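Subject: Handing over the structure, with notes on its sheets and helices

Hello,

I am passing the structure on to you here, and below it you will find my notes on how its parts are arranged. Please keep the view open while you read, so that you can look up each element as it is named.

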Amino acid sequence: MDVYRKGIFCLESEWFGLRSTVSVRPALEFLATSDYHIHYIHRDVATRAELEHYLRKWLQERHTAYRILWLSMHSRKGLLLPGDMRRPDETISIDRLEEVLTGHCRDKFIHFGGCRTIALPRERLQRFLRRTGAVGISGFREEVDWTESTLFELALLLELQKHPLTAKGLRAVQRAMRKARPVECRTSGFALHVRA
């Protein structure tokens, strides 16, 4: 089997309070120590400013090998919640995310790991893809259980290593996920959009 290795750049926010040890880092460590040897960078973000700071780091030339961006944080429809969810100034809309990433995501893929982030019209998501230049995006349109969704994302990140980051490759990833995990795809509202 061919492997098209792509590093993963993961930005994760706090999930369940200061005493919680919940994190996607063990999933990344598993991928790194597996026979796929997937490199990753993981950073915790607690504010909108930190999220934007690390997004700009991801776009630097030295990080071009990290072609998959995993935004692992609470979210709502079209809105990321990296910090205190009670403060509107700590949220980041898909419009602002698009502004930060415009023209910089050629040959890159973005996965939104929160609930309902991409529960948006297809046209809006295609505009995001066109403006950023990303090959594709994925995420959930429904509320998801943290543990179950993380296991699903682990399978997705692994499947992404088996295909090139092209429209054809991403469609193959989508078919593979639907075939291997039809129930999870349906209940989570998992969607993968390829730039038209």
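The notes below go through the sheets and then turn to the helices.

Please bear in mind throughout that this is a predicted model.

**The six-stranded sheet**

One open sheet consists of 6 strands in the order 2-1-3-7-8-9, and the pairing within it is mixed. Its edges are formed by strand 2 and by strand 9 (residues 191-194), each of which pairs on one side only. If direction is ignored, neighbouring strands of this sheet are turned against each other by 15 degrees on average.

At one end of that order, strand 1 (residues 8-12) and strand 2 (residues 40-44) run parallel and are joined by 5 bridges. A pair that you can look up in the view is phenylalanine 9, which stands opposite isoleucine 41 in strand 2. Together with helix 1, these two strands make up a β-α-β unit, and this unit is right-handed.

At the other end, strand 8 (residues 136-139) pairs with strand 9 over 4 bridges, here in the antiparallel sense. In this pairing, glycine 136 is found opposite valine 194 in strand 9.

**The three-stranded sheet**

There is also an open sheet of 3 strands, ordered 4-5-6, in which the pairing is antiparallel. Strand 4 (75-76) and strand 6 (92-93) are at its edges, and each has a single partner strand, so one side of each is left without a neighbour in the sheet. Strand 5 (residues 79-80) is paired with strand 6 over 2 bridges in the antiparallel sense, and leucine 80 has isoleucine 92 of strand 6 as its bridge partner.

**Helices lying across strands**

Helix 2 (residues 48-58) lies across strand 1, strand 2, strand 3 (68-72) and strand 7 (109-112), and its direction is at about 175 degrees to that of strand 1. Helix 4 (residues 122-132), in turn, lies across strand 7, strand 8 and strand 9, running at about 55 degrees to strand 9.

**Helices packing against helices**

Which residues bring helix 1 and helix 5 into contact? Helix 1 (residues 25-33) and helix 5 (residues 146-160) pack at an angle of about 30 degrees, and their axes are 10 Å apart. The two helices are therefore roughly parallel to each other, since angles under 35 degrees count as roughly parallel. Helix 1 contributes Ala27, Phe30 and Leu31 to the contact, while helix 5 contributes Thr150, Leu154, Leu157 and Leu158. Sorted by class, this contact has 6 nonpolar residues, 1 polar residue and no charged residues. The crossing of helix 1 with helix 5 is right-handed.

Helix 5 also meets helix 6 (residues 167-180), and the axes of these two helices come within 10 Å and cross at roughly 140 degrees. That angle makes helix 5 oblique to helix 6. This crossing, too, is right-handed. On the side of helix 5 the contact is made by Phe152, Ala155, Leu156, Glu159 and Leu160, and on the side of helix 6 by Leu170, Val173, Ala176 and Met177. The residues of this contact divide into 8 nonpolar, no polar and 1 charged.

The remaining pair in these notes is helix 3 (residues 94-101) with helix 4, whose axes come within 9 Å and cross at roughly 20 degrees. That makes helix 3 roughly parallel to helix 4, and the crossing of helix 3 and helix 4 is right-handed. In the contact, Ile94, Asp95, Leu97, Glu98 and Leu101 of helix 3 meet Arg124, Leu125, Arg127, Phe128, Arg131 and Thr132 of helix 4. How do these residues divide by class? The contact of helix 3 with helix 4 has 5 nonpolar, 1 polar and 5 charged residues.

With kind regards

Terms used. Residues numbered from 1 in each chain as written. Predicted model: local features only at pLDDT ≥ 70, side-chain atom pairs only at ≥ 80, totals over all residues. Heavy atoms only, no water. Axes fitted to C-alpha atoms, helices over the stretch in contact; angles between N-to-C directions. Parallel < 35°, antiparallel > 145°, perpendicular 65-115°, else oblique. Left-handed = near helix turned anticlockwise from the far one by under 90°. Contact = heavy atoms within 4.5 Å. Nonpolar A, V, L, I, M, F, W, Y, C, P; charged D, E, K, R; others polar. Pairing = 2+ DSSP bridges. Right-handed = clockwise from strand over helix to strand, strands pointing away.
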